[in-house]
Amino acid sequence: NHHCAQGSVIAVDQGGEGLLDAGFYARGLDEERPVPNMTMDQLVAFADVTDEVNAMIEGGTDAGDATDAVEARLLEERGGEDGGFLVQVRSLYNGGRYSAYIFRRYTDVRLVAAPEKNLGFFGGDPDNFTYPRYALDFAFFRVYDEDGEPLETEHYFPLSEEGVAPGDLVFVIGNPGSTSRGLTVAQLEYVRDVQVPTVLAFLDHRVATLRAYLASGEPESPDAVRGQIFGLSNAQKAYRGRRDALADPYILARRAAAERAFRAASPEAGALIDQMAQVQATRMALAAQARAFQLLFNGGLGSATLLRARAAYSALQAAAPDFSAVTGQGDRPAMVERAYLEDGLATLQMYFAALGQPTPAALQEPSVAVLAERLLNTSALASQASATAAVEAGTLSMDDPVVQIIAAIADDVEAFQNAARDLGAQEGELNRQIGRARFGAYGASVPPDATFSPRLTDGIVKGYAYNGTMAPPMTTLSGLYDRYYSFCEAGSTGDYCEWELPQRWLDARDDLDLSTPVNFVSTSDTIGGNSGSPALNQNLELVGLNFDRTIEGLVRDYIYLPDRGRNVMVDVRVVLEALDDVYDLDGLVTELTEGTLRE
């Protein structure tokens, strides 16, 4: 996918070329650019290593150490670290089964072509997790062998020039990240009531803050801020989908019915599920602490002032103080820092209110805005420069007003972290036992949760009903241009347009077949981590490239319902059309369609 290749495009930029915005097109082998530290892994073998791993675990070996040992053994059989292979052992069914995957690793990988960012990410955040979409989210790399020659490989998926039609069967092969379909109902209820709302409120605040910062005109690098907003908005939409899924009584009813069936199918299941419910009850008793402390000290999105204060509190208590974490914490833009600090202070005030305890003196002010203003004006930890000066002068102390706030919550934070660690260990072991019981009851007839390991899913190319209308099975180039003219021309507000088209695309409009499909959807069971997964027809020909799923499909974290949501793929036909008539890469098109290596 283009969105997975962006880092590589930036990495091969030779300075000032602006390849991310302009696109990259190697017109011959000699123009293909090596990507630093890029590797490509080809799956060549896999094996069930459950008995070996479980024997080590039952002998007292930690599960992580056991899988590491199996990986080391298999890698040694392939020639060790210098043999050119990678081995991964993945837990399936929460330890009910362990599979080893052996990959041939290639280290000479070169960028061949990538469209402009505006095409790869066409529609930006507004279109993310939606459909109809019109994104050319693809890129091309070439693998070279040990002699520096283009790799010749016996096994490959040929490209289908005909593409797909509504009703066609497709297979999507990839490495999906993680799902939570094996969680008990009690676990899902905790996720619904505490975990998801806490994370979503945090994301909502950060996205709103950064959008206000971008709108202020202050950022020196607006694109960097837009990129951060996109990443957070992506997570925000995902968590909203999880929230909506867990709030749907039908989803919980389906999961409860499955749990009752599991109890009936396995003699071990009932006791294990009940034990898990007790763990979740203990978690719920700590809900106020989880809401307050779970994200308070987030390194990337927390208040820099509070992060310095926490580091300072720990250092000042140590026999040999190390203030590197204090002085090493960089500043955030003033507008952003103030908003993050106010949010953190409000979270702490709400924490004490939830416990029915008086607010500590260090947190008392008529409003969090007034409190934040006072702290930023009086604390040595309000900036990296003043913190460094205080450390160097030896004047930083427990009397600092922000350090006093940390002191007021330090015992509670430590107690919560210890409890969370213990509960996590208990939950992990119960998950493993439940997974083994489920596999014992059902075997492989029930798919395991995703674990970033290879798997295949089938689906049908099919539109769906949404928002009172119908989404078509596929979109076309005509629609892509319509989005541009509708949003960026007729409907332009003069602001940044997410549907902007580069001039080369406007110039090429009359040369293109506007009926060419751009994106298509299917019922395939894909989730986060399936970006870049190839879509194949029943002849094992490449017909598309997965890059998204619809917001209705976010329910798949907890249950797969083929009538809810779709996965979204780039159609190979638009790839060929764009390479031929927009980018003038005839040699690459011939190579893809005829298998003749271009010069």
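This is a short talk on one pocket and several salt bridges in the structure above.

A reminder before I start: the model is predicted.

Pocket first. I'll take the second largest one. Its volume is about 950 Å³. The lining counts 42 residues, and those closest to the centre are F121, D125, N128, F230 and N234.

Which elements build that lining? At least two residues each come from the helices α1 (2-12), α2 (19-22), α5 (117-120), α6 (124-127), α7 (185-215) and α8 (222-247), and from the strand β15 (542-549). Helix α8 is the top contributor, with 11 residues. By character, the lining splits into 15 nonpolar, 15 polar and 12 charged residues.

Now the salt bridges. Side chains of opposite charge can pair when their charged atoms come close. How many salt bridges does the structure hold? The total is 31. I'll go through three pairs and one network.

Pair one is R33 with E17. The closest N and O atoms sit 2.8 Å apart. R33 belongs to strand β2 (residues 33-34), while E17 is in the loop between α1 and α2, so this bridge ties together parts 16 residues apart in sequence. Buried or exposed? R33 has a relative accessible area of 16%, so it is buried, the cut-off being under 20%. E17 comes out at 32%, which makes it partly exposed.

Pair two is R73 with E77. Their side chains meet in a salt bridge at 2.7 Å, N to O. Both residues lie in helix α4 (residues 63-77). They are 4 residues apart, about one turn of the helix. R73 is partly exposed, with a relative accessible area of 32%. E77 reaches 57%, so it counts as exposed, the cut-off being over 50%.

Pair three is D557 with R549. Here the closest N and O atoms are 3.5 Å apart. Where do the two partners stand on accessibility? D557 has a relative accessible area of 4%, and that is buried. R549 is at 7% relative accessibility, and R549 is buried as well.

Last, the network. Which residues does it link? Salt bridges connect E32, R142, E591 and R598.

To recap. The second largest pocket has helix α8 as the main supplier of its lining. R33 to E17 joins strand β2 to the loop between α1 and α2. R73 and E77 pair within helix α4. D557 pairs with R549, with D557 buried and R549 buried. Happy to take questions.

How values were computed:
Residues are numbered from 1 along each chain as its sequence is written. This is a predicted model: local features need pLDDT of at least 70, side-chain atom pairs count only at pLDDT 80 or more; totals for chains, interfaces and linings use all residues. Side-chain values use heavy atoms; hydrogens and water are left out. On a 1 Å grid over the protein atoms alone, a cavity is a set of points where a 1.4 Å probe fits but cannot get out, and a pocket is an open set with protein on both sides within 12 Å along at least five of seven lines; lining residues have an atom within 4 Å of a point. Grid points are joined across faces, edges and corners, and a volume is the space filled by probe spheres set on the points. Ala, Val, Leu, Ile, Met, Phe, Trp, Tyr, Cys and Pro count as nonpolar, Asp, Glu, Lys and Arg as charged, and the others, Gly among them, as polar. A salt bridge is a side-chain nitrogen of Lys or Arg within 4 Å of a carboxyl oxygen of Asp or Glu. Buried means under 20% relative accessible area, exposed over 50%, partly exposed in between (1.4 Å probe, protein chains only).
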